[in-house]
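Visitor: I would like a close look at one part of this protein, the packed interior. Could you walk me through what sits there and how the pieces fit around it?

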Amino acid sequence: MRGEERRQRAMLMIMEVGDRVPREHPLRRVKELADAALTQLSPVFDEMYSLMGRPSIPPERLLKASLLMALYTVRSERMFCEQLDYNLLFRWFLAMDVAEPSFDHSTFSRNRARLLAHEVAGEFFRGVVEQARALKLLSSEHFTVDGTLVEAWASLKSFKRKDRGPGQPPDDPGNPTVNFRGEQHRSATHESTTDPEARLARKGAGKEARLCYSANALTENRNTILIDFQVEPADGYSERRAAVAMADERLPGSRRVTLGGDKGYDTRDFVAACRALQITPHVAQNHARPGGTALDARTARHPGYAISQRIRKRVEEVFGWMKTIGGLRKTRYRGRERVQMHAYLVAAAYNLVRIAKLSPAPA
């Protein structure tokens with residue numbers, strides 16, 4: 001029998017927003033973990049705001065909104081605020097009532113300076129890492145480092161000579177015609193007028209060059225949870241430079257650990273820097289490099305080296321999630337400081353998903 005389509009009627013209901021979220025929904029565990037990390041940042045939030053004036057949107061709500069954007073691949077803050085008007089799941093995650101109006105997208109921009117000044121995104125990311133450590137999900141001996149390119153929010157048309165003088169006005173201010181024929185583009189002589197901190201880089205020989213940042217990840221090998229995630233200028237040396245800095249800061253102690261990596265890290269300077277930090281470099285050997293590999297047989301013959309080389313490839317799954325789901329294939333912001341904030345929030349979202357899967361809430 002065909003059902004009858006009934007007209008919607010206005011009604012008064014008394015219910016909790018969380019009643020519409022299934023008890024087994026994976027976002028429940030993510031919300032629990034995120035709230036615990038944000039509670040530890042409450043003293044920092046107190047320093048960010050004045051005791052007088054009109055109350056602003058809670059910073060906890062803004063950070064959790066950024067997590068939702070990464071978890072559900074929302075490509076812009078304006079689009080997120082539009083969805084917040086009708087998405088009960090988002091409202092429940094942000095602890096908002098059904099009748100509470102959505103905040104304006106400009107709220108993100110107005111509060112971003114406060115978040116940057118107090119390095120809130122980095123503290124939040126490190127708080128999530130500490131939760132994973134408290135749950136005994138992290139390896140204390142074996143780690144992996146790798147880097148990838150994140151496309152900057154700038155086009156090649158904005159990549160111009162630093163010493164350029166005044167020229168003719170563009171034929172089309174919105175989309176000017178640019179002739180690159182016969183001109184060599186180098187980061188040493190050119191810079192982007194849109195994002196001066198972006199650098200011209202390519203993924204490999206034969207690939208097109210783009211304005212990019214270098215995103216560098218340090219993961220542990222047990223569950224592939226991010227320990228650190230640093231954004232550097234894509235100058236060709238950033239991967240090894242960031243790897244040494246992250247290892248020095250995040251892998252302290254007198255106990256020797258291993259650090260896996262691809263052939264790009266097989267240089268004498270990087271291997272020597274690792275050994276100076278009491279780290280055994282398990283990097284892939286690059287025999288085609290002039291002078292041969294920097295890794296001797298004492299390390300490569302060990303059975304643990306082969307295991308590190310197999311497990312280190314899992315870091316590519318991290319980059320795949322962050323770019324495909326988290327929206328970090330191309331950054332939304334200009335300037336390395338803002339890109340770093342965005343990267344920390346996407347990395348925190350990835351870690352929260354991993355922790356929620358590995359340590360479900362007790363029944």
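Guide: Here is a tour of the interior, with a short stop at a few loop residues on the way out.

Please keep in mind that this is a predicted model. The chain has 13 helices and eight strands, and its C-alpha trace spans about 80 × 65 × 60 Å along the principal axes. Of the 363 residues in the chain, 46% are buried. If you take contacts between residues at least 6 apart in sequence, 67% of them join residues at least 24 apart.

Now to the core itself. In soluble globular proteins, nonpolar side chains tend to be buried together. Here the largest nonpolar core holds 95 residues, and the members that touch the most others are Phe80, Phe124 and Phe229. Helix α13, residues 336-358, supplies the largest share of this core, with 14 residues.

Phe124 is a good place to stand and look around. Beyond its neighbours within four places in sequence, Phe124 is in contact with Ala34, Ala37, Leu38, Leu41, Leu67, Leu345, Ala348 and Leu352. Among these partners, Ala34, Ala37 and Leu38 are buried residues of α1.

Phe124 itself is one of the buried residues of α7, along with Val120, Ala121, Gly122, Phe125, Arg126, Val128, Val129, Gln131 and Ala132. Helix α7 covers residues 120-134; at 1.5 Å a residue its 15 residues should span 21 Å, and its end C-alpha atoms are 21 Å apart, so the two agree. Just after α7, Lys136 takes a positive phi of about 60°.

Across from Phe124 in our tour comes α1, residues 26-40. Its 15 residues should span 21 Å at 1.5 Å a residue, and the end C-alpha atoms are 23 Å apart, which agrees. The buried residues of α1 are Leu27, Arg29, Val30, Lys31, Leu33, Ala34, Ala37 and Leu38. Their cover includes α2 (42-48), α3, α5 (88-93), α7 and α13.

What about empty space in there? Rolling a probe the size of a water molecule over the atoms shows where empty space is left. The count comes to one cavity of 30 Å³ or more, and the largest cavity has a volume of about 170 Å³. Its lining has 17 residues, with Ser66, Glu77, Phe108, Tyr333 and Leu345 lying nearest the centre. The elements that give two or more residues to this lining are α3 (59-71), α6 (106-117) and α13; α3 gives the most, with five. By type, the lining divides into 10 nonpolar, four polar and three charged residues. Leu345 links the two views, as a contact of Phe124 and as one of the residues nearest the cavity centre.

Finally, two loop residues are worth a glance for their backbone angles. Thr224 sits in the loop between β5 (210-220) and β6 (226-233), and its phi is near 55°, a positive value in a residue other than glycine. Thr224 counts as buried because its relative accessibility is 10%, below the 20% cut-off. Gln278 also is not a glycine and has a positive phi, of about 60°; it lies in the loop between α9 (268-276) and β8 (279-283). With 35% relative accessibility, Gln278 counts as partly exposed.

Key:
Residues are numbered from 1 along each chain as its sequence is written. This is a predicted model: local features need pLDDT of at least 70, side-chain atom pairs count only at pLDDT 80 or more; totals for chains, interfaces and linings use all residues. Side-chain values use heavy atoms; hydrogens and water are left out. A nonpolar core is a set of buried Ala, Val, Leu, Ile, Met, Phe, Trp, Tyr and Cys residues joined through side-chain atoms within 4.5 Å. Buried means under 20% relative accessible area, exposed over 50%, partly exposed in between (1.4 Å probe, protein chains only). Helices (H or I, at least four residues) and strands (E, at least two) are DSSP runs, numbered from the N terminus. Contact means heavy atoms within 4.5 Å. On a 1 Å grid over the protein atoms alone, a cavity is a set of points where a 1.4 Å probe fits but cannot get out, and a pocket is an open set with protein on both sides within 12 Å along at least five of seven lines; lining residues have an atom within 4 Å of a point. Grid points are joined across faces, edges and corners, and a volume is the space filled by probe spheres set on the points. Ala, Val, Leu, Ile, Met, Phe, Trp, Tyr, Cys and Pro count as nonpolar, Asp, Glu, Lys and Arg as charged, and the others, Gly among them, as polar. The expected span of a helix is 1.5 Å times one less than its number of residues.
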